Amino acid sequence: MSASPLPRHIAIIMDGNGRWAAAHDLPRSEGHRAGAKAVRKVVTQARLRGIEVLTLYAFSAQNWNRPADEVDRLMALLVEFCEGERDLLMDEGIRFRTVGDRTRLPAETRQAVETLEEITFKNGNMQLLVALSYGGREEIVAAARSLAAQASAGTLDPAAIDETMFAAHLTTAGVPDPDLLVRTSGEFRVSNFLLWQIAYAEIVIESKHWPDYAEADLDRAIDTFANRERRFGGLAPALPSAAP
Ligand code: IPE
Ligand code: IPE
Ligand code: MG
């Protein structure tokens, strides 16, 4: 019997920190703090399971519209995360990278992120991509703008633009598309996450809020994925014929 297929790339929309905090009668900031703790468990488990790429949606381009104190708290937590998880990432051989518009990040957060990217650059066991100040539409527009600039400069023939070239202009260039997309806290929406890349991702909606998400939940999502039938627009595989 062949082993169950493992997703190469798992992408997670870490939602529900605010609702978790409300359910515990705590301020939203405590929900974000608890959410940051859950990240460690999931990163460790993904690595243990042999996942190649784990992408975590930490802060969307639209999350800049939240109240300033909440944004400040999230940016400070990111600095704590980069400093606090550095040893774990080195011990586990995990490369850390961010995708998103880092020019909008406060200097301290940007510095912490870039330092961790540099330190973990050579780690090859797993890639941890953190989507930060990230929007799927924004990313697609930036790719289109870059291709249009090359075309108008005469260095690119528009007829040469294909899916491969377009994908190479996204911030996820070189990373396989997510096979499995998980969203916690029960909402059935993608909220501007990896719009191009999730074209054929299998989606798992988890009712737990992100701070309660743990190793066993990731295992369950991986099991669910293993039992999905992916078709990519083709036909369902033929059923084994009944014994005569
Ligand atoms: C996810 O939790 C974290 C971020 C979006 C930064 P939320 O803060 O969105 O929590 P809810 O959705 O309000 O419960
Ligand atoms: C998506 O969650 C962004 C992150 C998890 C970082 P949101 O809470 O921002 O999404 P909406 O507002 O419910 O669509
Ligand atoms: Mg939310």
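**Entry 1. Strands S5 and S6**

I began with S5 and S6, which pair in the parallel sense over four bridges. The model I am reading is a predicted one. In this pairing I found Leu 180 opposite Glu 202 of S6. I then looked at the side chains of S5: Leu 180 and Val 182 point one way, whereas Leu 181 and Arg 183 point the other way. I noted that all four of these residues are buried.

**Entry 2. From S5 to S1**

I turned to S1, which is joined to S5 by four bridges. These two strands run parallel. I located Ile 12 opposite Val 182 of S5.

**Entry 3. The whole sheet**

I traced the sheet across its strands and recorded an open sheet of six, in the order S3-S4-S2-S1-S5-S6. The pairing is parallel. At the edges I found strand S3 (94–99) and strand S6 (202–205), each of which pairs on one side only. From one strand to the next, the twist averages 20°.

I next examined S2 (residues 53–60) and S4 (residues 126–134), which run parallel and are joined by seven bridges. Here Tyr 57 stands opposite Ala 131 in S4.

I also looked up which helices pack on the sheet. Helix H2 (residues 28–48) does so, touching strand S1 (9–13), S2, S3 and S4. The direction of H2 makes about 160° with that of S2. Helix H5 (residues 107–119) packs on the sheet as well, in touch with S3 and S4. For H5, I recorded an angle of about 140° with the direction of S3.

**Entry 4. Asn 192**

I asked where Asn 192 lies, and found this residue in the loop between strand S5 (180–183) and S6. Is Asn 192 buried or exposed? Its relative accessible area is 14%, and because the cut-off for buried is under 20%, I entered Asn 192 as buried. I then listed its contacts, leaving aside neighbours within four places in sequence: Tyr 57, Gln 62, Tyr 134, Gly 135, Gly 136, Arg 137 and Glu 138.

**Entry 5. Ligand 1**

I looked up the surroundings of ligand 1 and recorded 13 residues around this ligand. Of these, Asp 15, Gly 18, Arg 19, Arg 28 and Arg 66 come nearest. I then noted polar contacts to the backbone. An oxygen atom of ligand 1 is 2.7 Å from a polar backbone atom of Arg 19. For a polar backbone atom of Gly 18, the distance to an oxygen atom of ligand 1 is 2.9 Å, and for one of Gly 16 it is 3.3 Å. On its own, ligand 1 has 380 Å² of accessible area, and the protein covers 86% of that.

**Entry 6. Ligand 2**

I listed the residues that surround ligand 2: Ile 13, Met 14, Asp 15, Tyr 57, Ala 58, Phe 59, Asn 63, Arg 66, Arg 183, Arg 189 and Ser 191. Tyr 57 had already appeared in my notes, opposite Ala 131 and in contact with Asn 192. Arg 183 had appeared among the buried residues of S5.

Which side chains make polar contacts with oxygen atoms of ligand 2? I found a polar side-chain atom of Ser 191 at 2.6 Å from an oxygen atom of the ligand. An N or O atom in the side chain of Asn 63 is 2.9 Å from an oxygen atom of ligand 2. For the side chain of Arg 183, the corresponding distance is 3.4 Å. Taken alone, ligand 2 exposes 390 Å², of which the protein buries 78%.

Technical notes: Residues numbered from 1 in each chain as written. Chains lettered and ligands numbered in written order. Predicted model: local features only at pLDDT ≥ 70, side-chain atom pairs only at ≥ 80, totals over all residues. Heavy atoms only, no water. Pairing = 2+ DSSP bridges. Axes fitted to C-alpha atoms, helices over the stretch in contact; angles between N-to-C directions. Contact = heavy atoms within 4.5 Å. Near = heavy atom within 4 Å. Polar contact = N/O pair within 3.5 Å; in protein donor to acceptor, adjacent residues only side chain to side chain. Areas by Shrake-Rupley, 256 points an atom, 1.4 Å probe, with all protein chains shown as cover. Buried < 20%, exposed > 50% of the residue type's maximum accessible area, 1.4 Å probe, protein only.
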